[in-house]
Structures are given as structure tokens and as C-alpha cells.
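Here is the note you asked for, set out as numbered points. Please read it with the model open beside you.

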Amino acid sequence: MSAFRVMRQDDNGNRFLVAAGLDRVAAERLAAEFEARGHKQLYWVEAEATTAAADGEGPDRT
């Protein structure tokens with residue numbers, strides 16, 4: 001199962017992790033909740049890298 005995170009970018013272009021380790025539905029719900037508050041920040045959902053892929057132990061893609 002893939003894990004997703006919610007990210008935020010503020011008015012100055014700084015990016016921050018809001019939440020991690022969520023399933024896609026929960027991450028999308030959280031991002032939508034923050035977007036609905038009307039702040040100028042941008043929120044988005046992105047997939048987290050799996051441990052094996054991050055360690056270079058994933059499948060060979062050559």
C-alpha cells in the first residue's frame with residue numbers, strides 16, 4: 001500500500017510537510033480541508049518514496 005503526504009507552500013515559496021504516512025483518500029481530504037480555510041498557501045498531495053526505492057533496493061529499471 002502506498003503512503004502519501006500533504007505539503008504546503010507559503011507566500012514566500014517555502015515548502016513544508018503538513019502530514020505524512022496517510023492513504024490517498026485521507027491525504028486528499030486533509031489538503032482540501034486546509035484549502036477550504038481560504039489561506040493564501042498552496043496545499044497538495046504527493047506520494048512518499050517507499051523505503052526500498054529510497055534505499056536503492058527497488059526493482060532494476062534499466
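1. A good place to begin is the turn between two strands. In the hairpin of β1 and β2, five residues lie between the strands, and Gly13 takes a positive phi near 85° there. This is a predicted model, and each point below should be read with that in mind.

2. The strands on either side of that turn are β1, covering residues 4–9, and β2, covering residues 15–22. They run antiparallel and are joined by five bridges. To follow the pairing on screen, start from Phe4, whose bridge partner in β2 is Leu22.

3. Now the overall layout. The protein has two helices and three strands, and from the N terminus on the order of these elements is β-β-α-β-α. Helix α1 spans residues 24–36, while strand β3 spans residues 42–47.

4. Some totals give the setting. The protein has 62 residues, of which 15% count as buried. Its accessible surface comes to about 4,700 Å², and carbon and sulfur atoms account for 48% of that area. Among contacts with a separation of 6 or more, 44% are between residues 24 or more positions apart.

5. Next, the aromatic rings. How many aromatic pairs does the count come to? The count comes to one. The pair is formed by Phe34 and Tyr43, with 5.1 Å centre to centre and 15° between the planes. The arrangement counts as stacked because planes under 30 degrees apart are classed that way.

6. Both partners of this pair can be checked for burial. Phe34 has a relative accessible area of 19% and is buried. Since the cut-off for buried is under 20%, the value of 19% for Phe34 falls on the buried side. Tyr43 also counts as buried, at 11% relative accessibility.

7. Turning to charged side chains, a general remark helps. Side chains of opposite charge can pair when their charged atoms come close. A search of the whole structure finds three salt bridges.

8. One of the salt bridges is between the side chains of Glu46 and Arg5, at 2.7 Å from N to O. Why does this pair tie together parts that are 41 residues apart in sequence? Glu46 lies in strand β3 and Arg5 in strand β1, so the salt bridge links positions with that separation. Are the two residues buried or partly exposed? Glu46 is partly exposed at 25% relative accessibility, and Arg5 is partly exposed at 29%.

9. Another salt bridge joins the side chains of Arg24 and Glu28, with 3.0 Å from N to O. Here both residues belong to helix α1 and are four residues apart, so about one helical turn separates them. Arg24 has a relative accessible area of 44% and is partly exposed. Glu28 is partly exposed too, with 39%.

10. The side chains of Glu33 and Arg37 also meet in a salt bridge, at 3.4 Å from N to O. The distance counts because a salt bridge needs a nitrogen within 4 Å of a carboxyl oxygen. Glu33 is partly exposed, with a relative accessible area of 41%, and Arg37 is partly exposed, with 49%. The value for Arg37 is 49%, and exposed means over 50%, so Arg37 stays in the partly exposed class.

Methods
Residues numbered from 1 in each chain as written. Predicted model: local features only at pLDDT ≥ 70, side-chain atom pairs only at ≥ 80, totals over all residues. Heavy atoms only, no water. Buried < 20%, exposed > 50% of the residue type's maximum accessible area, 1.4 Å probe, protein only. Contact = heavy atoms within 4.5 Å. Areas by Shrake-Rupley, 256 points an atom, 1.4 Å probe, with all protein chains shown as cover. Phe/Tyr/Trp six-rings, centres within 6.5 Å; stacked < 30°, edge-to-face > 60°. Pairing = 2+ DSSP bridges.
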